[in-house]
Amino acid sequence: MDERRNPYVILGVPYGATRGEARRAAARRSRELRQRQDTPYSTEDVTWALHQVEQVIDDPASGVEVFRVPAAPGILDAPSGHGLFNPRAVPMARRSGPLTDEAFNGIRHRAVASVSKSVLAALGPHVSCWPPDQEEEGST
Amino acid sequence: MLAANQTHRPGAATNKFCWSCGVPDPGSDPCSACGLSSRPRRVSRSELIGATASIRQRFRSRSGLVVAETATSALLAFPDASVSEAPGEKLGDIGRAKSGARSSAWTLVSASRRIKPNDRKKFDELITSFVLTLINRSIHDARAFALDALDADCPAWLDRIKLTKSERDFLVASYYAARGKNAMALERLLRLPRDRYPTKDLVFLRCMGTIKADLTKHDEIRRQLQFFGDRPITQALLSTLNDDNLDDETWLRSAGAVLDKVPEDAEVTFPRALAARFVNAMETRSTLPDDTWKLGAESRLYQLAQATRSGGPAPQITLADLEDAPECLMDDAIELGALIVSAADREKPHAKYVLARTDPEVLGHDDLVELNYQAELARRAFLRSDRETLASLAKGQISDQFKFLEALRTGDFEGAVGGLASFEGLTRDKVASLAQSLAKGSIDHASNEVLTDGTTWPVLAPLLPEDPSALNNLSASRPALRGIVAWRALSGSVARLWDWDWEGALSEAKRCLLVARDEHTRDEALNLIACAEWELGDDADAIAALSSALEGSYTEGLQVNIGVVAASLEPQLAGEHLGKLAVEAPTLGMRVAAARRALELWYADPDPWETQESEHVLPTQLRNALRTLVRSDIDEASFVRFTRTMSRWDEDWLGRPGQLSGSRFEGSLAAAVYQAKARDFQEFVKALAGVVAREDAPEWATDERDNLVGSALEALNPEEANPMATSFGLVLIDRGLPMEAEAYIDLVGFTVVGICAEIDPSEAEPKERFLDLVAQARQRIDEVKAQERERSSGLLDFAIMRVARTIALARMNQSSEVIDLYNDVLIRVRGVPSHQVNRSALRSATQPAVDFLSDTERILERIIANVSDPDLTGQLSEFRNEIRQLLTEFNRLRSS
């Protein structure tokens, strides 16, 4: 690659531009060059630049010899945090009212019934029924 | 079918009943209903019955079992099934029976089992008769014996005991149920009078598993239980059979009763302690145990509901738990952070609603429409500047806000101001401030909150003054402006770069530096300065700017950039940063590329790096990078590049065994060749020869061979003795390094000539193998291109002539010594009678000379045959003839 020519500067796109962005920029530059005079680059340079950018897209490691503008991706964008024009999503409001006493009691009842049934089912087979109750005190 | 709550029997909740007839609450003993004893009593036990003892009979002692006693005597049963009565004082060797039984009768039964009678049946019948006598003394004895027999798993005895049928059935049913023989227990239970034995519900509970499996018995069981409908366990049992509901109190009482009846050591996996605490908390309306949630979904919901009302820990709930719960509980769970929707639950009912309330950003557009979630639809439309969608949304506070924000974003401040009422609090203030700034066309009216909100910068940036001094003054007076001013300057600098206005870009970037405070923005400004300076040809300034940016934290991009701009003016600086990149770059591809680029710069720079000496050394960072890279998953070309470099510049490290462990090229041809090169030159050539000889020899190997051969040929100078060069050439030849014929012939030719140039014929002579080498080389003449054949042939001729001359000269020098020897011997033997000459000694002394002459003749013959120059051939032939002559003379002398 030529020492001075920077394909991204020639096309006017930041380092990391996509193939589509590079091609559109190349087309735009070609039109500009037809109208501008005394430019440091020619249409041949634009063609070369597009080819170089596509080469970097295909083989990112080859970008080690290309001056990067910007050096830090995203630095040129406006800050991406939340703010007036990038508001956070507001969670949807609650649709239902508060828990009524009736509903609460119903839940309570189901819990009592459920646990009691579980106790009967799990522990019932283990209840002590032998010897029967009521032996006289002192009996073995 | 009677339900549990439809029966009532006064006093049925009692646990007291008559054992004989089963009537509840029998009153005093005996039972008022049947007149029999209603409950077991402790019975007196004999100390003697069941004991072993002996008596003397007719001069012999007999041992037996005491089966009965009176006040003064005892009756013994002997193993032969006979009995004998003896006075109490005559009893000897009394062995007391083991205690533990309730009744003497069972003591007797147990003791009899330990006797070994002559006839077991007869003996048992005898014992049985006495047992029956004992148990028939009273109902208490009978009852005590029944309990003993069942404890000992001998239910057959009960058929012989005088107890009521119902008592027998009840006892046996309880016994079978305790032993897990539920079917047999049920059979006995169903024989019981229906309105008797209230505690049979415990026995039925024990058999519940069997009951559930056998629907045919359900009606009869209901009839058994219906009379005791006030007992909580009975109620629970009937509820289970009827599948109907009970009130809370009844459930809790039944659960409590069961919990009380389960022995502590029962092996159950059910969390009984927790259940007991739960039951207690529910009965007393006190605080629930924290881990109530472990008792199941319903308990979790209740604990959640309780947490909603009165605080306390809220358990984690799933959508499945909430399936039949009121929607308000789901909302409560969301607000308590107790409900999480996992990816697996995404398609469950209400999942989208929950996500809308907890994490709306994960919802898709269709989800939002389905939920009629206008606010989020509006927000997303706003973010993508979709005015059409915004306009189509129903009127509402949130959607109105976004419509006005969209107007504000596009500069329609009047529209925004008109919608201020839909905003509140800080947002309203910001909107008002921004609208006012736009209306006035001045940044002065923007509040600090607006200025430090980066999302407003694209809207506010056009309001900044263009004049740099005005801008500087403004930034100095309002620090909140620095961010937006720096950002605009940075954007402006890049815009000028894209316009190829290097000076303009430089100016804007410097302006950015005046106001920017954060390191990242300043680094980028310096980067843009470097780019502009570099385009202007001011490489030193570009390098300085990047060096400054690289202080502190930095990005991979900055390292790449300094590697680019410094390559020509300060290659060592470029290499230093590329070396860092070779270690630090986030991708392997970039690390490899950086290392390769750094190596290129290093190789190209004539000045040594990182050393005050005049010799080159591999820079430390680059060396370390290569050591890591050769063990990484790099491509083969890079691996070859790096190991080739290291075999020369980091040979100690590369040559050590195991250094390439972990590399996918460990054991590869390239690894073998370059590690050999690191260790020893001859080993390297041998390894390389092996690779080049392959049919599919890789290109790097043939390149390496060509470099070697080229270097050897370059070093070999036929006019100048160079032992190192000739040694080099000889190694290549002797190790069989495959090469093109022309190169081989050149190598052989020049090496041989070089060797001959080093030899002083007065002291040494070239080995005959050099003749062999030339002969071998000559065999490949036909492989040489036609236009080069003459040259190659000429070279070999020259080489052979040099070898020939050198050998001949050496031999000539040596032959003069041989001539001297001949003359000396001749003088000694001349005049001595032949028979007095010691032939053996003579032959022995002259043998080396003869051998030398023979060998010389042979070599000269060989040389003459290969030399083409006629003059030299003539000289050699003449010398050969002299040698022959001398040999003849020696032979004559030795034989005469």
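Visitor: Which pattern does chain A follow, read along the sequence?
Guide: This is a predicted model. Chain A holds 4 helices and 0 strands. Read along the sequence, its pattern is α-α-α-α.

Visitor: What share of the residues of chain A count as buried?
Guide: Buried means under 20% relative accessible area. Chain A has 140 residues. Of these, the buried share is 45%.

Visitor: Which residues gather in a patch of positive charge on the surface of chain A?
Guide: One member, A:Arg24, lies in helix α2, residues 19–35. A:Arg24 has a relative accessible area of 53%, so this residue is exposed. The patch consists of A:Arg24, A:Arg28, A:Arg31 and A:Arg34.

Visitor: Which residues form a negative surface patch in chain B?
Guide: Take B:Asp538 as a starting point. B:Asp538 sits in the loop between α26 (519–535) and α27 (539–549). Its relative accessible area is 34%, which makes B:Asp538 partly exposed. The patch is formed by B:Asp501, B:Glu503, B:Asp538 and B:Asp541.

Visitor: How many salt bridges are there over all chains?
Guide: Side chains of opposite charge can pair when their charged atoms come close. The cut-off between nitrogen and carboxyl oxygen is 4 Å. Over all chains, the count of salt bridges is 78.

Visitor: How far apart are the closest N and O atoms of B:Arg597 and B:Glu600?
Guide: Both residues lie in helix α30 of chain B, residues 588–604. They are 3 residues apart, so about one helical turn separates them. The two form a salt bridge, and the closest N and O atoms are apart by 3.1 Å.

Visitor: Is B:Arg597 buried or exposed?
Guide: The cut-off for buried is under 20% relative accessible area. Its salt-bridge partner B:Glu600 is partly exposed, at 39%. B:Arg597 has a relative accessible area of 17%, so B:Arg597 is buried.

Visitor: Which residue forms a salt bridge with B:Arg892?
Guide: The partner lies in helix α42 of chain B, residues 870–895, as does B:Arg892. The two are 3 residues apart, about one turn of the helix. Their closest N and O atoms are 3.1 Å apart, and the partner is B:Glu889.

Visitor: B:Arg892 or B:Glu889: which counts as buried?
Guide: B:Arg892 has 48% relative accessibility, so B:Arg892 counts as partly exposed. The other side chain of the salt bridge has 18%. Buried means under 20%. The buried residue is therefore B:Glu889.

Visitor: How many residues apart in sequence are the parts that B:Glu742 and B:Arg791 tie together?
Guide: The side chains of B:Glu742 and B:Arg791 meet in a salt bridge, 4.0 Å from N to O. B:Glu742 lies in helix α38 (741–758) and B:Arg791 in helix α40 (786–829), so the pair ties together parts whose separation in residues is 49.

Visitor: How do B:Glu742 and B:Arg791 count, by relative accessible area?
Guide: B:Glu742 has a relative accessible area of 22%. B:Arg791 has 36%. Partly exposed runs between the 20% and 50% cut-offs. B:Glu742 is thus partly exposed, and B:Arg791 also counts as partly exposed.

Visitor: Which residues are linked with B:Arg811 in a network of salt bridges?
Guide: The network lies in chain B and includes B:Arg858 and B:Arg862. Acidic members are in it too. Besides B:Arg811, the linked residues are B:Glu765, B:Glu768, B:Asp772, B:Asp855, B:Arg858 and B:Arg862.

Visitor: How many aromatic pairs are found over all chains?
Guide: Rings pair if their centres lie within 6.5 Å. A search of the whole structure gives an aromatic pair count of 23.

Visitor: What is the angle between the planes of B:Phe170 and B:Tyr197?
Guide: These rings lie 4.7 Å centre to centre. B:Phe170 is in helix α4 (165–178) and B:Tyr197 in the loop between α5 (182–189) and α6 (200–206), so the pair ties together parts 27 residues apart in sequence. B:Phe170 is buried at 2%, and B:Tyr197 is buried at 0%. The pair is stacked, with an angle between the planes of 20 degrees.

Visitor: Which residues do ring pairs link into a cluster with B:Phe170?
Guide: B:Phe170 and B:Tyr197 form a stacked pair. Ring pairs link these two into a cluster with B:Phe17 and B:Trp19. The residues linked with B:Phe170 are B:Phe17, B:Trp19 and B:Tyr197.

Technical notes: Residues are numbered from 1 along each chain as its sequence is written. Chains are lettered from A and ligands numbered from 1 in the order in which they are written. This is a predicted model: local features need pLDDT of at least 70, side-chain atom pairs count only at pLDDT 80 or more; totals for chains, interfaces and linings use all residues. Side-chain values use heavy atoms; hydrogens and water are left out. Patches are made of residues with over 30% relative accessible area and no salt bridge: like charges are joined within 9 Å, nonpolar side chains (Val, Leu, Ile, Met, Phe, Trp, Tyr) within 5 Å. Accessible areas come from the Shrake-Rupley method with a 1.4 Å probe; for residues, only the protein chains shown count as cover. The place of a charge is taken as NZ of Lys, CZ of Arg, CG of Asp or CD of Glu. Buried means under 20% relative accessible area, exposed over 50%, partly exposed in between (1.4 Å probe, protein chains only). Rings of Phe, Tyr and Trp (its six-membered ring) pair if their centres lie within 6.5 Å; planes under 30 degrees apart count as stacked, over 60 as edge-to-face and the rest as tilted.
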